[in-house]
Amino acid sequence: MRNLRFLIPALAVLAAAPAARADFAGCIAGLKQAAIRSGVAPALAERALALKEPNEKVLELSAVQPEFKTPIWDYMAFLVDEERVRDGRALLQRHARVLAEAERRYGVDRHIVVAVWGVESNYGREMGEHFLPHALATLACAGGRRANFWRSELLAALALVQRGDFALERLRGSWAGAFGQTQFMPSVYRRLAVDFDGDGRRDLIASVPDALASTANYLGRAKWQTGAPWMIEVKVPPGYAGPQGRRNRLPLAGWAARGILRADGKPLGAGPPAGLLLPAGAAGPAFLVFANFDAIYAYNHAESYALAIAHLADRIQGLPGFRTPWPTDDPGLSRAERLQLQKLLIARGHLQGEADGKIGEQSRAAIRAAERALGWPETGRAGQKIFRALGGR
Ligand code: CA
């Protein structure tokens, strides 16, 4: 019975395959024509779209529903770890001149720009491996949903190559089309990328000045307020049940009147209106977030993302970690700890293969096995408790 359940859908796929392949070829031919009509040279369109089959990996990734809800403290421990802070501080020095020029030109704080770079691509080290024309053509021709969106992103990507911003072979990124050091979508790139090193090309893949200035330009267009704060950590009174939410802005005097203080216990003082963010409820860290937090939010629509960028920027400029701990007895792991956890799981025979620090399905299964061996409830979560129980430090 168990086998049959898997056999039937597999047969259905096989039966549909020839028709689907013909559809794919026809769709690709249509994309080539559309690209040529939009000004892409026929030879480039041919070279970019010499595609016989959809990219199965892209289809798989686009169909995955995140089954594992990541607690905010895991997300933050991973994105704002000591390594990313240290790297950010070093790069802030190395690119000081470019960052100062970009700050002058676009009015956006350099620490935020560096933090976006650090979170989006680990400072240019992880920009994604998928050949974008194949990924986007797959989503446009075989993905099912939002075909027009993927198609226009594909045409935008090819227009960038046609314009000479970078070579076709360099056009690699995430399965969903974001690419380069700060992971712009092609249409965003077309609108907002700038040439900042003066070579006439807007190359956000290879040129750090182009990538940093383009990010500053993006945030500037998202209404960044020069010189204004983005976030401060605060303390709410015990049992606080007043207003909250990013968009629910009050003058600082209004928050002070509700008993809210800076995290170090000092009064809030003066500043623009702010919203109160309680990412883990009133018992966890609390933040007042300003209009500039919304500019960060515009880059990637998730409050957890904006919180990571805002905090990483603070850490890079020398501020300490959060004063109020996350309300958990099992905090999250840094990237170095995740890598070590995998090595410990391998050493105990719970995990096969090589450690890469990325906690996916296999790692979670291995953690469940380790938890089972310890007589613990199975969670599959990579946290400090299992890390230390296996000998991590
Ligand atoms: Ca350039």
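Let's start with Arg-315, which is buried because its relative accessible area is just 11%, and buried means under 20%. Keep in mind that this is a predicted model. Arg-315 forms a salt bridge with Glu-82, and the closest N and O atoms are 3.4 Å apart. Follow the chain and you'll see that this pair links distant parts of it: Arg-315 sits in helix α14 (residues 303-316) and Glu-82 in helix α5 (residues 82-94), 233 residues apart. Glu-82 counts as partly exposed, at 48% relative accessibility.

Now look at Glu-83, also in helix α5. Glu-83 pairs up with Arg-335 in a salt bridge, with 3.9 Å between the closest N and O atoms. Arg-335 belongs to helix α15 (residues 335-347), so here too distant parts of the chain are linked, 252 residues apart. Arg-335 is buried at 13% relative accessibility, while Glu-83 is partly exposed at 31%.

There are 22 salt bridges in the structure. Another one joins the side chains of Glu-378 and Arg-372 (3.2 Å, N to O). Elsewhere, Arg-246, Arg-249, Asp-294 and Glu-303 are linked in a network of them.

Next, find the calcium ion. Its protein donors come from Asp-195, Asp-197, Asp-199, Arg-201 and Asp-210, with Asp-210 listed twice, and they lie 2.2 to 2.9 Å from the ion. Arg-201 gives its O atom. Along the chain, the donors follow the spacing D-x1-D-x1-D-x1-R-x8-D. Why is the arrangement called irregular? The 6 donor atoms subtend angles of 48 to 160° around the ion, which makes it so. Two of the donor residues, Asp-195 at 26% relative accessibility and Asp-197 at 36%, are partly exposed.

Methods. Residues numbered from 1 in each chain as written. Predicted model: local features only at pLDDT ≥ 70, side-chain atom pairs only at ≥ 80, totals over all residues. Heavy atoms only, no water. Donors = N, O, S within 2.8 Å, 3.2 Å for Na, K, Ca; no water. Tetrahedral: all angles 85-135°; square planar, octahedral: opposite > 155°, others 65-115°. Buried < 20%, exposed > 50% of the residue type's maximum accessible area, 1.4 Å probe, protein only. Salt bridge = Lys/Arg side-chain N within 4 Å of Asp/Glu carboxyl O. Helix = DSSP H or I, 4+ residues; strand = E, 2+ residues; numbered from the N terminus.
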